[in-house]
Amino acid sequence: MATLYVGNLSYKATENDLGSAFAEFGQVESVKIMKDKMTGRARGFAFVEMPNEDEANRAIENLHNKEFMTRNMVVNKARPMEQRN
């Protein structure tokens, strides 16, 4: 399972929009657009899970820095969340 970080997203993008873009490169397990807890508004980034590493790598190669809904997406492998104090 590969978890991908997707940044610089349009605030108008939906999970379905994003899932469709990634599905061109393989099976998409889940899409989660992160939202502000107080307002419920999208925060401009998401996580996409793809079960196949090769398909995930192909999605990174093809979607990183490509225009999606008027913005150039940042797509790379997600890193573990850093500890906060």
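**Figure 1. The whole chain and its surface.** The accessible surface of the chain comes to about 6000 Å², and carbon and sulfur atoms supply 44% of that area. Please keep in mind, as you look through these views, that the model is predicted. Of the 85 residues, 34% count as buried. The C-alpha trace spans about 35 × 30 × 20 Å along its principal axes. A compact globule with 85 residues would have a radius of gyration near 12 Å, and the 13 Å of this chain agrees with that. Turning to charge, the chain carries 12 positive and 12 negative charges, and the mean positions of the two sets lie 9 Å apart.

**Figure 2. The order of helices and strands.** Here the chain can be followed through its 2 helices and 6 strands. Starting at the N terminus, the elements come in the order β-α-β-β-α-β-β-β. As for how the chain meets itself, 62% of the contacts with a separation of 6 or more are between residues 24 or more positions apart.

**Figure 3. The salt bridge between K77 and E53.** A search of the whole structure turns up 1 salt bridge. In the salt bridge shown here, the side chains of K77 and E53 meet at 2.8 Å, N to O. This pair ties together distant parts of the chain, with K77 in strand β6 (residues 74–77) and E53 in helix α2, 24 residues apart. Both partners are partly exposed: K77 has a relative accessible area of 36%, and E53 is also at 36%.

**Figure 4. The surroundings of K77.** Staying with K77 in strand β6, we can now look at the other residues around its side chain and backbone. Leaving aside neighbours within four places in sequence, K77 is in contact with T3, L4, Y5, E53, N57 and I60. A further residue to find in this view is E49: its C-alpha atom is separated from that of K77 by 9.9 Å, and the two residues are 28 apart along the chain.

**Figure 5. E55, a buried charge in helix α2.** Helix α2 covers residues 53–63, and E55 has its place there. Although E55 is buried, it has no salt bridge. The nearest side chain of opposite charge belongs to R58, 4.5 Å away; a salt bridge would need a nitrogen and a carboxyl oxygen within 4 Å. Not counting residues up to four places away in sequence, E55 touches F25, G26, Q27 and M50.

**Figure 6. L9, a buried residue in a loop.** L9 sits in the loop between β1 and α1. With a relative accessible area of 2%, L9 is buried, because the limit for that class is under 20%. Once its neighbours within four places in sequence are set aside, L9 is in contact with L18, G44, F45, A46, F68, R71 and M73. For a sense of scale, look for K37: L9 and K37 are 28 residues apart in sequence and 18 Å apart in space, C-alpha to C-alpha.

**Figure 7. K12, an exposed residue in a loop.** K12 is found in the loop between β1 (2–7) and α1 (15–23). L9, shown in the previous view, has its place in the loop between β1 and α1 as well. While L9 is buried, K12 is exposed, with a relative accessible area of 71%. Apart from residues up to four places away in sequence, K12 touches D17 and M69. The C-alpha atoms of K12 and M69 are 8.0 Å apart, with their positions 57 residues apart in sequence.

**Figure 8. Positive phi angles at N65 and T70.** Most residues other than glycine have a negative phi. This view offers a look at two residues with positive values. N65, in the loop between α2 and β4 (67–68), has a phi near 65° and is not a glycine. T70 is found in the loop between β4 and β5 (71–72). Its phi is positive too, at about 75°, although T70 is not a glycine. T70 is exposed, with a relative accessible area of 70%.

Note on methods
Residues are numbered from 1 along each chain as its sequence is written. This is a predicted model: local features need pLDDT of at least 70, side-chain atom pairs count only at pLDDT 80 or more; totals for chains, interfaces and linings use all residues. Side-chain values use heavy atoms; hydrogens and water are left out. Helices (H or I, at least four residues) and strands (E, at least two) are DSSP runs, numbered from the N terminus. The radius of gyration is taken over C-alpha atoms; the globule rule is 2.2 Å times the number of residues to the power 0.38. Buried means under 20% relative accessible area, exposed over 50%, partly exposed in between (1.4 Å probe, protein chains only). Contact means heavy atoms within 4.5 Å. Accessible areas come from the Shrake-Rupley method with a 1.4 Å probe; for residues, only the protein chains shown count as cover. Lys and Arg count as positive and Asp and Glu as negative; His and the chain ends are not counted. The place of a charge is taken as NZ of Lys, CZ of Arg, CG of Asp or CD of Glu.
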